[in-house]
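These are my notes on the model, set out as numbered points. Please read them beside the coordinates.

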Amino acid sequence: MNRIAMYLVLLVGFSLSAFSQQLPSAHNEVVIKNAIVMTVTHGNISNGSIYIKDGKIAGVGKDVHAPASATVVDAGGKYLTPGLIDSHSHIALDEDVNEATSPITPQMMMIDAFDYQDKAIYRVLAGGVTTSLLLHGSANMIGGQAVVIKHKYGLNRDAMLFPAAPQSIKFASGENPKRVYGSRDQLPSTRMGNFEVQREALVAAQDYMREWDDYNAKVKKGEKDATPPKHDLKLDALADVLRGKLLVQIHCYRADELLTEMAMAKEFGYKLRAFHHALEAYKVADQLAAAGIGIATFSDWWGYKQEAWDAIPWNAVMCMRKGVRVAIKSDSDDFARRLNQEAGKTIRYGGATEDEALQMITMNAAWIIGVDDRVGSIEVGKDADLVIWDGYPLSSYGVPNKVFIDGDVYFDRSLPGFGMPHYREGE
Amino acid sequence: MRNVLRGSSLVVGLLFLTTPVLAQQKAVALRGGKLLTVSHGVIEHGVLIMENGKITALGAEGSTAIPKDARIIDVKGMTIYPGLIDSESNLGLTEISAEEMTNDLVEMSEEIMPHMHVYDAFHAESELIPVTRLNGITNAIVAPDSKDTLPGQDSFVQLAGKSADEMLLIRDIAMPLNFTGDQRRNVPRDKRKYPSTRMGMAAQLRQAFLDAQDYAQHWADYEKKKSETDTKTDEKDKKPPTQPKRDLKLEALLPYLQGKKSVVLAAEEASDLETAVNLAREFNLKFVLNHISYSQPVLDYVATLKVPVIVGPIYEAPKPYERYDAVYALPAQLNKRGVKIAFASFDAHNARNLPYQAGFATAFGLPYDEALKAITLNAAEIWGVGDKLGSLDIGKTANVIVANGDPLDVKTDVKQVFIAGQEIPMTSRQTRLRDQYSGQ
C-alpha cells in the first residue's frame with residue numbers, strides 16, 4: 001500500500017507543477033461581479049461578487065475587497081453556483097471499467113485506465129461539472145480503486161487529477177456480479193455467493209494483516225531471522241479497507257442488500273462512505289441515517305432491471321428528510337451533462353428546497369468523495385470552481401455560460417468552436 | 001394493493017370512486033387557470049369545460065358560460081395544457097428491460113418484419129403506463145425497437161382505458177424503416193450474416209419492396225381475370241383463375257407502396273439519410289424523418305424534402321469532432337429552416353421525461369411555443385389526429401393536464417390528468433410505494 005500512496009504523492013506533486021505551468025498568470029486575481037450567488041451553504045446573494053486569488057475563493061459577498069488589477073468578469077445578473085460534482089461517473093475510462101476476470105480485484109487502479117483525452121470530459125464540463133469520481137463498474141464484488149478528476153480539459157493527464165483527493169474503493173453487489181460470473185458457471189451466481197466471496201476476501205485480508213503484525217512484532221523484538229510475508233497488492237488494498245484508509249463506495253440496490261452490506265462492515269469493522277444507486281434506500285433510510293452512510297442515487301431512473309423495479313423518484317428527498325446525506329449522480333455520459341436538471345427534479349418529487357436540491361450535486365457529492373473541505377460550496381478558502389449559468393440552474397433551461405476551475409475559465413459558451421480556452425482541436 | 005386508497009390522499013381517493021359517474025353525466029369546468037391553448041395563444045385567467053369526453057367550451061373567465069350543473073374545479077394558479085404526445089415510445093412492449101421475458105420489443109430472426117403488429121403485444125396493464133401519464137403524457141406512438149430495418153407497424157395509443165382495445169386508437173398507423181447502421185448483423189464478427197453492411201441493408205429492402213410490388217401485381221391480375229370470368233355468360237368460359245397465396249409480409253407493405261400510409265424513415269448521419277430518402281423515393285413512399293441526430297451538414301437539404309422530422313433524442317452524444325451542443329441545437333436548427341418537428345422519448349421507462357427534452361431545446365434556440373407544439377399539436381398533425389388532439393380547442397378530445405407551472409420544466413408537478421374527460425387517478429406503482437414507505 002505504501003507503494004500506492006507514494007504513487008499518489010508523486011502524481012500530485014507532478015500535477016501541481018504541471019498545472020502552474022499551464023495556468024496563465026494574468027488570471028491569478030479575478031473578480032466576478034453582478035451575479036446571483038448561490039453559495040449552497042449560506043443562501044443566495046443577489047448582486048453578489050466573488051474575489052478569486054490564486055485559484056481559491058478569497059472573498060464572497062455584496063462587495064468584495066480586491067485589488068484594482070484583478071480581472072473583472074461581469075456575470076450580467078446571471079446565477080452563479082459552485083462547480084457541480086458527479087459522485088459516480090464512468091467517463092474517460094475507454095470502457096475499461098471492469099476487470100471482470102475475478103470477482104475480487106481491489107488492486108485495480110482506475111488511474112491506470114484514465115483516458116484524459118476523452119471528449120466526454122469536455123461535454124460534462126460544458127454541463128457545469130468540475131469534479132467527478134471515476135469509478136469501476138459493478139461486475140466485481142470489489143472492483144478497484146477510483147480516481148477523482150477536475151475537468152480541466154486540454155491540460156495533460158496529471159494536471160486533471162484532483163490533488164490529494166482521498167482514495168475511494170468500489171464494491172458492488174446484487175445482479176451484476178451474479179450475472180457476470182453466473183453466466184460462466186462460476187462463483188458467484190447468487191446473492192449468497194456474492195456475499196460469501198466478499199467475506200472470504202475480507203477474512204484473507206485479516207489473516208494477511210495478522211501475518212504482517214506478527215512479522216513486525218518479531219522485527220521489533222529484534223529477531224534477526226524473521227522472514228517478511230509476501231507482498232500482495234490485492235490483500236494490501238483490502239487491508240487498507242479494514243484499516244479505514246479507503247472510502248468504501250458500494251453499488252447496491254435492494255434494501256435487504258443495503259442492510260447486509262452494513263452488517264458485513266460491522267462484522268469486519270470498516271466504515272461505509274456511501275451506497276451508490278441505492279434505489280431502495282427509502283425503505284431503510286432510518287438505518288442509513290443512523291450509520292452515517294450517504295447515498296449517490298438517480299433522480300428518476302427505474303425499471304431497467306429487476307433490482308431497479310422498486311425505484312421511485314421520491315427516493316432522494318425521502319432519504320434526505322430522514323437525515324441521509326443524498327447526492328444525485330450521473331452513472332452516465334449523458335446525465336452527467338445535465339446533473340442540474342436531475343437535481344431540479346427533486347424539487348418536484350418530494351419538495352426539496354433550492355438549497356437542498358443544489359446540495360445534492362455539490363456539497364453532498366463532495367462529501368461522498370471526501371473533498372467537501374475543498375469544493376462543493378462558495379466559501380472563502382475553497383477552490384474557485386464556479387459556474388455562471390444561462391437560465392435558472394435547477395430547471396430545464398439552465399445551461400452553463402462559463403465554467404471556472406481553480407479560478408481559470410475552462411469553458412465559455414460564447415466562444416466559437418468547442419468553447420474551450422485551453423483546448424484547440426489538433427494541437 | 002391495499003395501499004392504493006389508504007396511501008392516496010383523500011381527494012384522490014374520492015375522485016377514484018366518483019369519477020366514472022361524474023364524467024359521464026356532468027360537465028366539468030376548470031376555472032381560473034392559465035390556459036396554454038397551443039393553437040391560439042395563452043388565456044391568463046381562463047375557463048375550460050369538458051363534457052362527454054370532449055372540450056365543449058373555453059375562454060376567458062367571466063366571458064365563458066359555465067353550464068349550471070357543471071362540477072367546478074378551481075384551478076387558480078395552475079397551468080392547463082393539452083395532453084402531451086410522445087412521437088415514439090416502446091410503452092406496453094417492455095416492463096423490466098433486463099428481464100427478457102418481459103420484453104416484446106422486436107423480432108430479431110429476420111430484418112424484414114413488416115407483418116409484426118405492435119397491437120398484438122401491447123400490454124395495457126403495464127405499470128409503465130400510469131407512471132408516464134402522471135407526467136401529462138396522454139398519447140404515444142408505440143413502435144417496435146429499431147434493430148430491424150422493417151421491424152413492424154406502429155400503433156397510436158391513448159394512455160388510459162379499460163383494455164388494449166380502448167387504448168389502441170389507431171392500429172398500424174405507420175411503419176418504421178430504420179437505416180442507421182444498427183440494423184446490420186455484423187456483431188459479433190464470427191456471427192456475421194447478411195445483411196452485414198449498409199449495402200446489404202439497402203439491397204434487402206429494395207428486394208422486399210420489389211417483391212411486394214410483384215405480389216400486388218399478381219393479385220391485381222387475379223382480380224382482373226376473376227371479374228372477367230364472372231362477366232362471361234357461357235358456363236364453359238367460367239373457369240376461375242387460381243387465387244394467389246396470401247403473404248402477410250408482403251401484404252403489410254402494400255399500404256406504404258400505395259402511399260396510403262407514411263413510413264417513418266430513421267437515419268442518423270447525412271449519408272444514411274440520403275440513402276434512405278433515395279430508397280423511399282425509388283418506391284414512391286410517403287415518409288416522415290426520424291432521429292437525424294448527426295445530419296447537421298445537410299439540414300438545408302432536409303428542409304427541401306418538406307417532411308416533418310421526429311427529432312433526437314437530443315441527448316445523443318455529439319461526435320468527438322462536434323461542439324457539445326451540436327445535437328441539443330438540432331431542433332432549433334430545423335425550426336429555423338421551417339421544418340415541422342416533434343419530440344419523442346424513444347423510450348418506455350423514461351417516456352415521462354418527454355417535456356423536459358422540449359424545454360431543454362429552448363435553451364439552445366428553439367422558441368418556447370415551438371417546443372410546446374412539438375409535443376402537442378405538431379405531433380397530432382404528423383399522426384393525422386390534428387382535428388382531435390394536440391390543442392385546447394372546442395370539439396377536441398378532452399385530454400387536459402393541470403399542473404402547478406410550466407409544462408416543460410423539471411420542477412413542475414402535474415396535479416391532475418384528464419384523458420377523454422376522465423379524471424385519471426394520480427396513482428402508480430411508484431406513488432403506492434412512496435405512500436407505503438412514507439408511513440401514510
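1. Two residues are in contact here if their C-beta atoms, placed from the backbone, lie within 7 Å. By that criterion, 27 residues of chain B are in contact with 34 residues of chain A. The model is predicted, and totals for chains and interfaces use all residues.

2. Which elements of chain B give two or more residues to the side that touches chain A? They are α10 (354–362) and α13. By residue class, this side of chain B divides into 14 nonpolar, seven polar and six charged residues.

3. Helix α10(B) deserves a separate look. Nine of its nine residues are buried, so α10(B) is largely enclosed by the rest of the structure. The buried set comprises B:L354, B:P355, B:Y356, B:Q357, B:A358, B:G359, B:F360, B:A361 and B:T362. These residues pack against one element of the other chain, α9 (339–348) of chain A. Within chain B, their packing partners are β6 (84–89), β7 (137–142), α9 (330–336), β13 (341–343) and α11 (368–373). When checking labels, note that an α9 occurs in each chain, with residues 339–348 in chain A and 330–336 in chain B.

4. Chain B as a whole has 13 helices and 16 strands. Its radius of gyration is 24 Å, close to the 22 Å that the globule rule gives for 440 residues, so chain B is as compact as a globular protein of that length. Along the principal axes, the C-alpha atoms of chain B fill a box of roughly 75 × 70 × 45 Å. Of the 440 residues, 50% count as buried. Among contacts in chain B between residues at least 6 apart in sequence, 67% join residues at least 24 apart.

5. The domain assignment splits chain B into domain 1 (1–82 + 390–440) and domain 2 (84–203 + 243–387). Each domain is thus written as two segments. The centres of the two domains, taken over C-alpha atoms, are separated by 29 Å.

6. How many residues of each domain of chain B are in contact with the other? There are 23 from domain 1 and 26 from domain 2. On the domain 1 side, the elements that give two or more residues are β14 (400–403), β15 (414–419), β16 (422–424) and α13 (429–437) of chain B. The largest share, three residues, comes from β15(B). The residues of this side of domain 1 divide into 13 nonpolar, eight polar and two charged.

7. Strand β15(B) is paired with two of the other elements in point 6. Four bridges join β14(B) to β15(B) in an antiparallel arrangement, with B:A403 opposite B:V414. Three bridges join β15(B) to β16(B), again antiparallel, and B:I419 has B:Q422 in β16(B) as its bridge partner. The hairpin of β15(B) and β16(B) has two residues between the strands, and B:A420 takes a positive phi near 50 degrees. Five of the six residues of β15(B) are buried, so this strand is largely enclosed by the rest of the structure.

8. Helix α13(B) contributes two or more residues to the side of chain B that touches chain A and also to the side of domain 1 that touches domain 2. It is mostly covered, with seven of its nine residues buried. These are B:Q430, B:T431, B:R432, B:L433, B:R434, B:D435 and B:Y437. Just after α13(B), B:G439 takes a positive phi of about 70 degrees.

9. Another hairpin in chain B is formed by β2(B) and β3(B), with two residues between them. Strand β2 (residues 42–51) and strand β3 (residues 54–60) pair in the antiparallel sense over six bridges. B:M50 stands opposite B:I55 in β3(B). In the turn, B:N52 has a positive phi of about 50 degrees.

10. Chain A contains an open sheet of three strands in the order β6-β7-β9, with mixed pairing. Its edge strands are β6 (84–89) and β9 (147–150), each of which pairs on one side only. The twist averages 15 degrees from one strand to the next. Strand β7 (residues 129–134) of chain A pairs with β9(A) in the antiparallel sense over four bridges. In that pairing, A:L134 stands opposite A:V147.

Conventions. Residues are numbered from 1 along each chain as its sequence is written. Chains are lettered from A and ligands numbered from 1 in the order in which they are written. This is a predicted model: local features need pLDDT of at least 70, side-chain atom pairs count only at pLDDT 80 or more; totals for chains, interfaces and linings use all residues. Domain bounds come from an automatic or database domain assignment. Ala, Val, Leu, Ile, Met, Phe, Trp, Tyr, Cys and Pro count as nonpolar, Asp, Glu, Lys and Arg as charged, and the others, Gly among them, as polar. Two strands pair if DSSP finds at least two bridges between them. Axes are lines fitted to C-alpha atoms, for helices over the stretch in contact, and angles run from 0 to 180 degrees between N-to-C directions. A residue is buried if 20 or more other C-beta atoms lie within 10 Å of its own, exposed if 12 or fewer, and partly exposed in between; C-beta atoms are placed from the backbone. The radius of gyration is taken over C-alpha atoms; the globule rule is 2.2 Å times the number of residues to the power 0.38.
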